[in-house]
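This note is offered to a colleague who meets the structure for the first time. The numbered points below may be read with the structure in view.

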Amino acid sequence: LPALLEARPDGDVEVPLNPAAFVVPACDACGGPLKSNVVFFGENVPAPVVEECYRRTEEADGLLVIGSSLQVFSSYRFVYRAALRGTPVAVLNVGPTRADALARLKVEHPCGAALAALCAALRVAL
C-alpha cells in the first residue's frame, strides 16, 4: 500500500479519489458495464439470494463468521437473525466486528493462520 493509505484490520482501505473521474469499463460483447458477479456497496443483494441465506441460516447448527467486520447490514442481518433464534455464533476476525456482542465465541487472530491451524488439528488437507 502507498504510505498515505492506512489499512484497517479487516483489510479495508479508504482510497481518496475523485468518483467523477472513475470510468467503468464496457463489456466487449454487449457494451454494458463490465462487472463481476458481486454486490457493490450501495447495491441490493438479489431477493432470492437473501431468502436462500436466511433458509440456510435457519437450518444451521451454528454460524461461523470468518474475516468480516460485518459493518454492512447485508451480511450482518444473517448473524443477527441466527442469534435471535438462539443459534450459536462464532467470529474469527482481527479487530472488532458488529456482531461481537452476539457471538458466543470471538477469536482475534489472522484468519489464514487460524484456519490453517484448525485444519492441521483436524487433519484436514488444505
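1. Contacts of T97. Setting aside residues up to four places away in sequence, T97 touches S68, S69, Q71, V91 and K106. Please keep in mind throughout that the model is a predicted one. T97 belongs to the loop between β2 and β3. Its relative accessible area is 9%, which is under 20%, and T97 therefore counts as buried.

2. Polar contacts of T97. The side chain of T97 makes a polar contact with the side chain of D100, at 2.6 Å. A polar atom of the T97 side chain also lies 3.1 Å from the backbone nitrogen of A99. The loop residue T97 thus has a polar side-chain partner in D100, besides its contacts with residues such as S68 and K106.

3. Overall make-up. How many helices and strands does the protein chain have? The secondary structure consists of 3 helices and 3 strands, and along the sequence these follow the pattern α-β-α-β-β-α. The chain has 126 residues, of which 20% are buried. Among contacts with a separation of 6 or more, 38% are between residues 24 or more positions apart.

4. The sheet. The 3 strands form an open sheet in the order β1-β2-β3, and the pairing is parallel. At the edges are β1 (63-66) and β3 (105-107), each of which pairs on one side only. On average, neighbouring strands of this sheet are turned by 10° against each other, direction ignored.

5. Bridges to β2. Strands β1 and β2 run parallel and are joined by 4 bridges. Strand β2 (residues 89-92) is in turn joined to β3 by 3 bridges, again with the two strands running parallel. Which residue of β2 is the bridge partner of I66? That partner is L92, and L92 also has V107 of β3 as a bridge partner.

6. Side chains of β2. The residues of β2 point in two directions: V89 and V91 one way, A90 and L92 the other way. Are these residues buried or exposed? All of them are buried. Two of them recur elsewhere in this note: V91 is touched by T97, and L92 is the bridge partner of I66.

7. Helix α2 and the sheet. Helix α2 (residues 73-84) lies across β1 and β2 and runs at about 150° to β1. L84 is found in this helix. With a relative accessible area of 60%, which is over 50%, L84 is classed as exposed. The C-alpha atoms of L84 and L102 are separated by 8.9 Å, while the two residues are 18 residues apart along the chain.

8. The pair of Y54 and F78. The count of aromatic pairs comes to 3. Why is the pair of Y54 and F78 edge-to-face? The ring centres are 5.0 Å apart and the planes stand at 65°, which is over 60 degrees, so the pair falls in that class. Y54 lies in helix α1 (residues 47-59) and F78 in helix α2, 24 residues apart, and the pair links distant parts of the chain. Both Y54 and F78 are buried.

9. The pair of Y76 and Y80. These two residues form a tilted aromatic pair, with 6.0 Å from centre to centre and 35° between the planes. Y76 and Y80 are 4 residues apart in helix α2 and are therefore separated by about one helical turn. Y76 counts as buried because its relative accessibility is 11%, whereas Y80, with a relative accessible area of 39%, is partly exposed. Ring pairs link F73, Y76 and Y80 into a cluster.

10. Charges over rings. Which residue has its charged end over the ring of Y54? It is R81, whose charged end sits 3.6 Å from the centre of the ring. Y54 is thus both the ring partner of F78 and the residue over whose ring R81 sits. R98 likewise lies over the face of Y76, at 4.4 Å from the ring centre. Y76 is also a member of the cluster with F73 and Y80.

Terms used
Residues are numbered from 1 along each chain as its sequence is written. This is a predicted model: local features need pLDDT of at least 70, side-chain atom pairs count only at pLDDT 80 or more; totals for chains, interfaces and linings use all residues. Side-chain values use heavy atoms; hydrogens and water are left out. Two strands pair if DSSP finds at least two bridges between them. Axes are lines fitted to C-alpha atoms, for helices over the stretch in contact, and angles run from 0 to 180 degrees between N-to-C directions. Contact means heavy atoms within 4.5 Å. Rings of Phe, Tyr and Trp (its six-membered ring) pair if their centres lie within 6.5 Å; planes under 30 degrees apart count as stacked, over 60 as edge-to-face and the rest as tilted. Buried means under 20% relative accessible area, exposed over 50%, partly exposed in between (1.4 Å probe, protein chains only). A charge sits over a ring if NZ of Lys or CZ of Arg is within 6 Å of the ring centre and within 35 degrees of the ring normal. A polar contact is a pair of N or O atoms within 3.5 Å; within protein, one must be able to donate a hydrogen and the other to accept it, and residues adjacent in sequence count only if both atoms are side-chain atoms.
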